[in-house]
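Look at the sequence and the model together, and keep both in view while reading. The text below starts with one helix and then widens out to the chains.

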2 protein chains.
Amino acid sequence: MRVAFFARCVKSGVESVSYKMCVVGLGLMGASLAGALRGFREARITGADVLEDVCRKAERAGIVDEAVTDASTAVRDADLVIFCVYAHHIPPMLERCVGAFREGAVLSDICGVKSALYARLADLLSPHVDYVGIHPMAGKERGGFDNADPAVFKNSGLLICPLPSTRPESVELMRKLATHIGAGCVAVTPPVEHDAIIAYTSDLTHIASAGLCLSPHPDTGPAFTAGAFRDCTRVADINADAWTELLMDNRAHTLTRLETYIEDLGKIRNALATRDQAALHALLKRAGENKREMLKRWTR
Amino acid sequence: MRVAFFARCVKSGVESVSYKMCVVGLGLMGASLAGALRGFREARITGADVLEDVCRKAERAGIVDEAVTDASTAVRDADLVIFCVYAHHIPPMLERCVGAFREGAVLSDICGVKSALYARLADLLSPHVDYVGIHPMAGKERGGFDNADPAVFKNSGLLICPLPSTRPESVELMRKLATHIGAGCVAVTPPVEHDAIIAYTSDLTHIASAGLCLSPHPDTGPAFTAGAFRDCTRVADINADAWTELLMDNRAHTLTRLETYIEDLGKIRNALATRDQAALHALLKRAGENKREMLKRWTR
């Protein structure tokens with residue numbers, strides 16, 4: 001946990017507050033989010049994590065008012081519950097917690113792929129709760145509670161993915177939450193569109209970066225690496241568990257993107273192989289133009 | 001030119017100095033290098049650039065004592081001449097300047113590929129001069145004099161690529177120059193080895209980054225992009241002229257690297273296509289292990 005953060009954590013009142021939030025899973029993202037949520041609606045925040053010592057650490061760090069190992073206890077009476085666990089843990093967890101949700105509770109998750117998850121949740125959601133997933137476009141190479149940092153959301157993107165049934169008030173709540181945690185840019189996007197774009201900006205990018213490290217030149221010393229190599233391989237030290245799940249869950253979209261990427265690289269390969277300088281130049285030029293076009297959109 | 005830099009430029013005495021350097025080409029790299037070289041051996045520095053206004057700007061910025069458009073005038077009496085121009089400009093420039101080099105002058109270049117260049121220089125070098133190329137592992141996405149910054153070399157890598165005939169004193173001179181401009185890590189490497197490793201750390205990396213921008217998802221908005229995408233596509237807005245030349249000059253090595261990369265990406269593709277989670281996990285895990293292994297080497 002970042003030291004700079006401790007100072008913000010003490011203020012939230014405890015017993016008298018009326019709004020209650022629960023963060024299930026206090027790893028890198030859950031703990032960062034709990035910390036960033038401090039002060040939001042002056043809420044009391046409970047946490048849940050399977051690791052007893054993470055619960056204690058979270059309490060000591062002041063990012064939650066109380067943390068317990070049993071999620072169904074933690075979610076009791078919460079107005080807002082955010083699942084910050086691997087996607088495949090959410091359905092069984094939801095089943096276990098379903099009797100403990102208060103009437104009208106808003107449920108959310110922070111998973112990076114939505115369609116596959118939402119399909120699995122369809123039969124588990126009761127009309128007494130409202131569901132709206134979010135996807136904070138933030139993170140770090142290294143996971144776990146000890147790497148958590150509430151500032152990780154500052155100026156980052158945040159995607160809100162409602163179900164067709166999601167109430168507009170719940171989308172609005174997520175917009176306010178996004179503002180509170182410092183997100184710089186928010187978009188509301190249907191799950192399928194979300195997954196298709198994310199397959200490009202996130203899944204393909206991580207595959208491209210990891211791919212660069214599958215067959216490194218054995219003599220790659222520090223004098224041979226410049227900023228380009230360091231930047232392009234920054235996320236190559238990937239969490240294999242998390243990313244295997246993410247890529248499998250977004251399999252169809254990611255396959256399409258990856259195949260297009262391999263095809264595009266093949267064009268560069270062919271231009272090089274046939275010494276076709278004009279074709280090579282045109283490809284590089286187009287990449288630059290597309291990149292500048294995107295940059296313009298980012299800064300608009 | 002970075003403002004912070006102007007202050008350093010005034011000190012070097014002018015007429016009385018005995019060591020003389022010449023930087024040919026005052027674009028991003030040449031101007032940055034000239035600025036960073038200020039004070040080295042208390043040398044007088046001349047510059048050459050085909051653009052008259054760049055010559056004037058370089059004089060006004062104080063990075064050179066004098067700049068002219070004719071390289072053969074600029075190199076006269078220089079103890080050290082560094083060519084900071086595209087590789088294909090170097091042989092004709094050398095031919096034009098050959099009569100102007102002083103006896104014992106050290107010639108150098110900063111090109112990113114060495115074997116192809118050195119082959120073209122073989123018949124042009126007289127025994128009266130000594131040649132030793134360098135490759136500063138530094139740069140920026142945007143070129144030109146106006147983007148120059150002598151601080152670009154700070155803590156970056158610098159590769160020294162001697163010819164078999166290069167005198168040890170000239171290699172030593174380049175080491176001292178590297179220290180002066182603030183390079184953090186220096187390696188002496190034969191041209192072929194240099195080109196093979198650079199094909200991985202630089203050529204392939206730039207291709208991978210550019211490739212990511214050849215077929216962007218049309219709805220890629222700012223909320224969908226996180227640090228990974230921004231980092232991995234940072235150098236995608238590539239100088240198509242410079243990189244067409246660099247990639248063609250290092251064609252064989254780059255092809256090998258690019259084909260290996262496409263093959264590795266194909267393995268990830270196959271694991272996804274066949275829903276082989278174990279294979280996918282193993283590939284991601286290996287990428288992470290290789291990356292950590294490299295990081296260890298970088299920080300050693």
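Why is helix α10 (residues 240-249) of chain A largely enclosed by the rest of the structure? Seven of its 10 residues are buried, so the surroundings largely enclose the helix. A residue counts as buried if 20 or more other C-beta atoms, placed from the backbone, lie within 10 Å of its own. In α10(A) the buried residues are A:Trp243, A:Thr244, A:Glu245, A:Leu246, A:Leu247, A:Met248 and A:Asp249. They pack against α6 (115-121), α8 (191-212) and α11 (251-273) of chain A, together with α11 and α12 of chain B. Contact here requires that the C-beta atoms of two residues, placed from the backbone, lie within 7 Å.

This is a predicted model, in which local features need pLDDT of at least 70 and side-chain atom pairs count only at pLDDT 80 or more, while totals for chains, interfaces and linings use all residues. Residues are numbered from 1 along each chain as its sequence is written, and chains are lettered from A and ligands numbered from 1 in the order in which they are written.

Chain A as a whole has 12 helices and eight strands. Helices (H or I, at least four residues) and strands (E, at least two) are DSSP runs, numbered from the N terminus. Of the 300 residues of chain A, 53% count as buried. Among contacts in this chain between residues at least 6 apart in sequence, 74% join residues at least 24 apart. The C-alpha atoms of chain A fill a box of roughly 75 × 45 × 35 Å along the principal axes.

Now turn to chain B. Its open sheet of eight strands runs in the order β3-β2-β1-β4-β5-β6-β7-β8, with mixed pairing. Two strands pair if DSSP finds at least two bridges between them. The edge strands, β3 (66-68) and β8 (185-188) of chain B, each pair on one side only. Within this sheet, β5 (residues 106-109) and β6 (residues 130-137) of chain B pair in the parallel sense over two bridges. There B:Val106 stands opposite B:Asp130 in β6(B).

What, finally, does the contact take from each chain? It takes 82 residues from chain B and 82 residues from chain A. Several elements of chain B each supply at least two residues to the side that touches chain A, among them β7 (157-162), α10 (240-249) and α12 (277-299). By class, that side of chain B has 46 nonpolar, 23 polar and 13 charged residues. Ala, Val, Leu, Ile, Met, Phe, Trp, Tyr, Cys and Pro count as nonpolar, Asp, Glu, Lys and Arg as charged, and the others, Gly among them, as polar.

How values were computed
Buried ≥ 20, exposed ≤ 12 C-beta atoms within 10 Å, placed from the backbone.
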